[in-house]
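Let's walk through this fold together, starting with the overall layout and then zooming in on particular residues. Keep the structure open and turn it as you read.

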Amino acid sequence: MKKIEAIIRKTKFEDVKEALLAANIEWFSYYDVRGEGKMRQARIYRGVMYNTSCIERVLLNIVVRDKNVEKTIAAIEKAAQTGEIGDGRIFIIPVEDAVRIRTGERGDIALYNAELEK
């Protein structure tokens, strides 16, 4: 199992969400986050200068079985990419175990409903 953390532009969140659902990745959590980037520049929007060093983004947390890692990464990458600086990052972290609280199931089976795959 792997935990995938993706930091993406807020404006691309709906696209990424739809791409994940289309890839049958049905459960993920997300948070509004702020971060500091390496690029430090001011931008002018409607005559007002904004400091862009503090960037608002969305952080996605997804735990998937090993067989779903690449399709999850591909869905996020394709949907979040604009080709400009600041598109975000994807991190892949090993997960040692998972437990479904309701049933006590452990491991991969705790991540999905086996009844739905039959």
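What follows goes from the whole chain to its strands, its core and a few side chains.

Before anything else, keep in mind that this is a predicted model. The chain has 118 residues, and 31% of them count as buried. Its secondary structure comes to three helices and six strands. If you trace the chain from the N terminus, you'll meet the elements in the order β-α-β-β-β-β-α-β-α. As for the surface, about 8500 Å² of the chain is accessible, and carbon and sulfur atoms make up 51% of that.

How much of the contact map comes from residues 24 or more positions apart? Taking the contacts with a separation of 6 or more, such residues account for 71%. Several of the residues below show what that looks like up close.

Let's begin with the strands. Strand E1 covers residues 2-9 and strand E5 covers residues 54-64; the two pair in the antiparallel sense over eight bridges. To find your place in that pairing, look for Ile7, which stands opposite Leu59 in E5. E5 also pairs with E2, again through eight bridges, and these two run antiparallel. Here Tyr30 is a handy marker, as it stands opposite Leu60 in E5.

Glu5 is a good residue for seeing how E1 sits in the fold, since Glu5 is found in that strand. Its C-alpha atom is separated by 5.5 Å from that of Leu60, although the two positions lie 55 residues apart along the chain. Skip the residues up to four places away in sequence, and Glu5 touches Leu59, Leu60 and Asn61, along with Arg89, Ile90, Phe91 and Ile93.

Now for the inside. In soluble globular proteins, nonpolar side chains tend to be buried together. The largest nonpolar core in this model has 19 residues. Ile4, Ile8, Val16, Leu20, Leu60, Ile62 and Ile76 are the ones with the most contacts inside it. Which elements give two or more residues to this core? They are E1, H1, E5 and H2. H2 gives the most, with six residues.

Val16 lets you see some of these contacts from one spot: leaving aside neighbours within four places in sequence, Val16 is in contact with Ile8, Leu60, Ile76, Ala79 and Ala80. Thr72 offers another viewpoint, this time from helix H2, which spans residues 69-80. Is Thr72 buried or exposed? Its relative accessible area is 0%, so Thr72 is buried. Beyond its neighbours within four places in sequence, Thr72 is in contact with Ile4, Leu20, Ile25, Ile62 and Val64.

A charged residue turns up among the buried ones too. Lys12 is found in the loop between E1 and H1. Its relative accessibility is 16%, and because buried means under 20%, Lys12 counts as buried. Who are its partners? With neighbours within four places in sequence set aside, Lys12 is in contact with Ala79, Ala80, Gln81 and Thr82. Lys12 and Gln81 are 69 residues apart in sequence, yet 8.3 Å apart in space, C-alpha to C-alpha.

On to the aromatic rings. A search of the whole structure finds two aromatic pairs. In one of them, the ring centres of Phe13 and Tyr30 are 4.5 Å apart and the planes are at 45°, so the pair is tilted. Phe13 lies in helix H1 (residues 13-22) and Tyr30 lies in strand E2 (residues 29-36), so this pair ties together parts that are 17 residues apart in sequence. Phe13 counts as buried at 9% relative accessibility, whereas Tyr30 is partly exposed at 45%. Tyr30 also pairs with Phe28: the ring centres are 6.4 Å apart with the planes at 45°, so this pair is tilted as well. Phe28, at 14% relative accessibility, counts as buried. Put the pairs together and you have a cluster of Phe13, Phe28 and Tyr30.

One last ring to look up is Tyr112. The charged end of Arg65 sits over the ring of Tyr112, 3.7 Å from its centre.

Terms used
Residues numbered from 1 in each chain as written. Predicted model: local features only at pLDDT ≥ 70, side-chain atom pairs only at ≥ 80, totals over all residues. Heavy atoms only, no water. Phe/Tyr/Trp six-rings, centres within 6.5 Å; stacked < 30°, edge-to-face > 60°. Helix = DSSP H or I, 4+ residues; strand = E, 2+ residues; numbered from the N terminus. Buried < 20%, exposed > 50% of the residue type's maximum accessible area, 1.4 Å probe, protein only. Lys NZ or Arg CZ within 6 Å of the ring centre and 35° of its normal. Contact = heavy atoms within 4.5 Å. Areas by Shrake-Rupley, 256 points an atom, 1.4 Å probe, with all protein chains shown as cover. Pairing = 2+ DSSP bridges. Core = buried A, V, L, I, M, F, W, Y, C linked by side-chain atoms within 4.5 Å.
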